[in-house]
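Me: Hello! Could you walk me through this protein, one question at a time?

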Amino acid sequence: MEAGGSPDQESIGSGTKRSTVSSGSRPRKRKEFLYRFVDSDRLTANLEQWFESVSNRSAAKKPAFNEPFELIELQKFEYALEGISFQQLIRMPSAVHASTSGAVEATAYLAIEDFLHASAKGLWEAFWSPDEPMPFSVACLYNENLKFYQAENAVAEGRLGGLCATGILLTNPRHLHGKWDHILELALLRPDIGGFVVNGDGQPSLSVIGEALFYALRVLISRSLSRMKYCQTSNSVFVVLVDSQYGGVVKVEGDVNKLEFDVDNVYECAAEWIENHSTVAVSSIDRIWNKLGNANWGDIGALQILFATFHCITQFAGFPKHSVEDLAADHGSRLQTRRAERQLGDTEVNGNGLFRFQQRTVSPEIVEVQDDSIKIESEQLMKLEVGSVLWLEDSNWQKGYQINEVMISSEQPYYIASPLEDPQKSVFLYVGSHPSQLEPAWEDMNMWYQVQRQTKILTIMKQKGLSSKYLPQLSASGRIIHPGQCQRPSSGGNCDHPWCGTSILVTSPVGETVADLINQGRFGAEEAIRCCHDCLSALSTAASAGIRHGDIRPENVIQVRSSARHPFFVLIGWGRAILEDRDRPAMNLHFSSTYALQEGKLCSASDAESLVYMLYISCGGVLPDLDSVEGALQWRETSWSRRLIQQKLGDASTVLKAFSDYVDSLCGTPYLMDYDIWLRRLRRNINEENGKEIDTSG
């Protein structure tokens with residue numbers, strides 16, 4: 001199935017031409033470019049050298065392209081989908097291209113339409129509105145005129161052989177054959193997509209990727225000609241690749257304003273833009289449909305497509321009323337309900353969340369087991385309490401720590417401990433989940449961010465030489481050494497002990513969280529100014545290496561009292577830090593920035609905006625009860641427009657009020673934060689209040 005051909009003038013008008021676009025030379029040039037950009041094979045030919053170079057560069061670390069989604073994102077999304085019904089009524093025929101029957105291929109297009117319809121409908125009702133009709137429709141693209149037709153109508157009109165893609169579009173009764181700037185997502189039905197799993201590295205060939213890039217770029221150019229207001233950024237497109245069993249996702253992102261619209265060299269210009277100005281991510285190819293033609297909605301193949309569709313809907317409909325985090329957080333309560341249904345008491349779940357089953361050899365009959373008959377050895381429980389000693393193993397050394405205090409005020413417990421070799425020193429000790437832990441998965445994810453990913457971030461900071469007393473220091477990381485003989489298999493992995501393989505992170509310094517200080521009434525105007533300075537200093541140091549925090553809140557800032565005359569603040573909790581564009585910040589209805597809630601990303605001022613919200617409540621501001629992203633955005637808009645935040649900070653300090661005004665002017669813009677000027681102003685204010693120069697250097 002090819003995308004070639006020469007569309008007639010009418011179809012181009014239907015697909016890409018807008019009467020509302022001004023008649024200036026720039027729109028005309030783009031429309032002419034789009035009119036000539038019709039052959040995917042020619043684009044693919046111009047991308048051969050680029051594809052070869054990408055493949056060669058990544059030969060040592062396959063696959064060639066990054067994945068569009070992190071596994072942890074897909075896991076969180078999968079928890080959010082629990083209880084949501086997706087029903088594909090038209091089954092996918094098991095071997096579409098093994099048969100020459102047109103009826104089989106027609107059924108395949110009908111099945112893809114139904115699959116995409118079920119996906120969009122299920123997501124819309126779960127995340128946006130179960131009461132309002134879905135504002136999207138599904139249709140197939142005909143390559144001769146680039147118009148959309150219902151698959152059933154296309155088959156009836158003899159157009160089956162010319163169908164080249166299936167799309168989810170914004171419903172528009174005025175344009176029955178669709179408009180290209182209304183395309184949310186495209187799916188390409190291509191033969192033997194699953195062959196790349198068997199014969200290669202699990203990613204498609206250039207011919208398939210090239211065709212996906214062709215359609216993605218057509219959508220991006222059409223959007224650039226549109227006057228429709230997109231709720232989210234319109235600079236990214238998802239293209240789904242499927243056959244009768246397998247599928248994957250291609251994501252293309254980039255600013256088409258950087259494309260040179262030379263109408264005499266459309267394919268060369270398009271290839272140059274893809275090579276130099278776009279980001280291409282390609283997922284692994286995984287199974288979607290079983291042998292009966294039913295979609296495996298809970299498996300990773302269908303999950304990747306559902307997550308791509310979720311992002312596409314967000315571009316057109318805005319951020320959902322119920323966020324992924326909100327729905328995923330219900331997993332724990334659903335698990336407890338399931339345990340109650342099965343009459344599983346707490347006595348049958350040990351401290352590690354692992355179920356213990358008692359084997360009885362006397363009788364083959366089922367017998368009632370009394371709760372007090374279940375004995376679990378204390379060394380297997382391994383509960384960490386004050387006085388417990390924990391041994392950490394790195395690649396070439398071992399180190400012991402004694403627990404001095406259990407911190408239970410945060411989302412996940414952590415500990416204040418002392419190294420056995422230096423009992424006077426205090427450190428924070430974070431313990432992760434066991435690799436095979438059966439705890440509620442949402443808690444496991446939080447632990448993963450708290451331990452494994454924060455270890456990665458702090459290690460990168462250390463490797464890049466970032467040094468500041470306002471940043472946490474990586475003291476040690478490794479795995480727990482459990483009591484008794486480790487029966488770890490020689491082939492790798494972990495033994496059956498509940499703590500074998502569990503990760504540990506040790507950081508310094510130690511202090512009280514701002515949340516505790518606020519609750520105890522020990523956080524006043526002076527502390528707010530110093531906290532603002534110290535956190536900005538930490539953010540400035542991290543930003544110099546391209547790292548942003550992404551989760552600033554009172555629990556992630558500590559006050560440290562050392563031998564210095566004045567206490568200082570340290571910004572901790574770097575597990576949700578942003579290293580690259582595909583990373584996603586934490587979503588907190590009270591403290592996340594407006595841009596993070598809208599786009600799922602950070603702008604330059606996002607961390608500073610979160611800092612302002614934290615200072616706002618520390619200075620007596622009241623945060624409302626928020627239960628949705630929509631409500632959180634409304635509260636932000638009202639508070640900033642009425643200057644409620646600035647006024648509250650102004651009651652504490654004029655410099656904090658000025659800083660909040662600066663952040664307000666910068667939010668959502670591409671302009672960079674000027675950390676230096678505000679660090680100087682805050683430092684000057686601190687020095688004036690204390691009467692003389694003090695140490696505020698990092």
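Reply: Gladly, and one term comes up at once: buried means under 20% relative accessible area, exposed means over 50%, and partly exposed lies in between, with a 1.4 Å probe and protein chains only. Helices (H or I, at least four residues) and strands (E, at least two) are DSSP runs, numbered from the N terminus. The model is predicted: local features need pLDDT of at least 70, side-chain atom pairs count only at pLDDT 80 or more, and totals for chains, interfaces and linings use all residues. Residues are numbered from 1 along each chain as its sequence is written, and side-chain values use heavy atoms, leaving out hydrogens and water.

Me: How many helices and strands does the protein have?
Reply: The protein has 698 residues, and buried residues make up 54% of them. Its secondary structure comes to 23 helices and 17 strands.

Me: Is helix 19 largely enclosed or open?
Reply: Helix 19 covers residues 606–618. Of its 13 residues, 13 are buried, so helix 19 is largely enclosed by the rest of the structure.

Me: How far apart are the end C-alpha atoms of helix 19?
Reply: The expected span of a helix is 1.5 Å times one less than its number of residues. For the 13 residues of helix 19 that gives 18 Å, which agrees with end C-alpha atoms that are 19 Å apart.

Me: Which helix gives the largest share of the largest nonpolar core?
Reply: A nonpolar core is a set of buried Ala, Val, Leu, Ile, Met, Phe, Trp, Tyr and Cys residues joined through side-chain atoms within 4.5 Å. The largest one holds 75 residues, and Met461, Leu536, Ile547, Trp574, Leu656, Phe659 and Met673 touch the most other members. Its largest share is nine residues, from helix 17.

Me: Which strands does helix 17 touch when it packs on the sheet?
Reply: The sheet is open, with three strands in the order 15-16-17 and antiparallel pairing. Strands pair if DSSP finds at least two bridges between them, and four bridges join strand 16 to strand 17. Helix 17 packs on this sheet, touching strand 16 and strand 17.

Me: Which strands stand at the edges of that sheet?
Reply: An edge strand here has a single partner strand, so one side of it is left without a neighbour in the sheet. The strands at the edges are strand 15 (512–513) and strand 17 (568–571).

Me: What is the bridge partner of Val560 in strand 17?
Reply: Strand 16 spans residues 557–560 and runs antiparallel to strand 17. In strand 17, the partner of Val560 is Phe568.

Key: Contact means heavy atoms within 4.5 Å. Axes are lines fitted to C-alpha atoms, for helices over the stretch in contact, and angles run from 0 to 180 degrees between N-to-C directions.
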